[in-house]
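Q: Got a minute to walk through this structure with me? I'd like a quick tour.

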Amino acid sequence: MKRLELAIESVILASRWLLVAFYLGLGLALATYALSFGKKLYEFVMSVFTLGDTDTILKMLGLIDAALVASLVVMVIISGYENFVSRFDEQDGEVHWLGTIDVGSLKVKVASTIVAISSIHLLQVFLNHASYTSDQLMWLTVMHLAFVFSALMLAYIDRVMALAKGKKAEAE
């Protein structure tokens, strides 16, 4: 019976390598998104002298939004691989934070990035408020506040867990 248990555990542990397909897929999606970003940047540069101030700001906010989304994808790829699949081998050009982001910290960073993306989107909406109804503006604001509340709760839970780990380490 112990041999069967060890075999099952080996299969379950090896299944983590299936996540690599997801991370490679996210890398391909990021490359595709980079092409989309390049197109938006080109269109912005070509029309910058004909745009008004508000339109210029809206276009720049769109580029910032794209950069935040891309950063989020990179964060998920690297942290997910490092936490769930395999540690990166030490190299001279190693990123200093690599290996220091645990699952709780990753959740907080992802939630914070989502709040930033939502903030930019809401700012774009408010700058173009004439295109939206009062109900739409209200619901977009409520959704943003839900993201903010969720991020704060995740940060609070992560902080409580870190304090509990610290107290446990002191007790030992």
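**Walking through the model**

A: Sure, let's start with A169: A169 is exposed, at 51% relative accessible area, where exposed means over 50%, buried under 20% and partly exposed in between, with a 1.4 Å probe and protein chains only.

Q: Hang on, what kind of model is it, and how are things counted?
A: It's a predicted model, so local features need pLDDT of at least 70 and side-chain atom pairs count only at pLDDT 80 or more, while totals for chains, interfaces and linings use all residues. Residues are numbered from 1 along each chain as its sequence is written, and side-chain values use heavy atoms, with hydrogens and water left out.

Q: OK, back to A169. Which helix is it in?
A: A169 is part of helix α5; helices here are DSSP runs (H or I, at least four residues), numbered from the N terminus.

Q: And how far is A169 from A66?
A: Their C-alpha atoms are 41 Å apart, with the two positions 103 residues apart along the chain.

Q: What about M143, where does it sit?
A: M143 is in helix α5. With 44% relative accessibility, M143 counts as partly exposed. From M143 to S118 the C-alpha separation is 8.6 Å, and the two are 25 residues apart along the chain.

Q: And L137, buried or exposed?
A: L137 counts as buried, at 19% relative accessibility. L137 is found in helix α5, which covers residues 134-171.

Q: What does L137 touch, apart from neighbours within four places in sequence?
A: L137 is in contact (heavy atoms within 4.5 Å) with V125, F126, H129 and Y132. As for M75, L137 is 62 residues from it in sequence and 31 Å from it in space, C-alpha to C-alpha.

Q: Switching topic: how is the protein divided into domains?
A: There's domain 1 (1-100) and domain 2 (102-171), with bounds from an automatic or database domain assignment. Their C-alpha centres lie 19 Å apart. The contact draws 16 residues from domain 1 and 14 residues from domain 2.

Q: How much area is buried between them?
A: About 1,300 Å², with carbon and sulfur atoms giving 81% of it. That's the accessible area (1.4 Å probe) the two parts lose on being put together, summed over both.

Q: Which residue classes does domain 1 put against domain 2?
A: The side of domain 1 that touches domain 2 has 10 nonpolar, 5 polar and 1 charged residues. Ala, Val, Leu, Ile, Met, Phe, Trp, Tyr, Cys and Pro count as nonpolar, Asp, Glu, Lys and Arg as charged, and the others, Gly among them, as polar.

Q: How many salt bridges cross that interface?
A: The rule finds 0 between domain 1 and domain 2, taking a salt bridge as a side-chain nitrogen of Lys or Arg within 4 Å of a carboxyl oxygen of Asp or Glu.

Q: So how many in the structure, and where?
A: The structure holds 1. The E43 and K39 side chains form a salt bridge at 3.4 Å, N to O. E43 and K39 both lie in helix α2 (residues 19-47), 4 residues apart, about one turn of the helix.

Q: How accessible is K39, and how accessible is E43?
A: K39 is exposed at 53% relative accessible area, whereas E43 counts as partly exposed at 39%.

Q: Last one: where's Q124, and what does it touch beyond neighbours within four places?
A: Q124 lies in helix α4 (residues 103-127). Q124 is buried, with 17% relative accessible area, and is in contact with L58, L61 and G62.

Notes: Helices (H or I, at least four residues) and strands (E, at least two) are DSSP runs, numbered from the N terminus.
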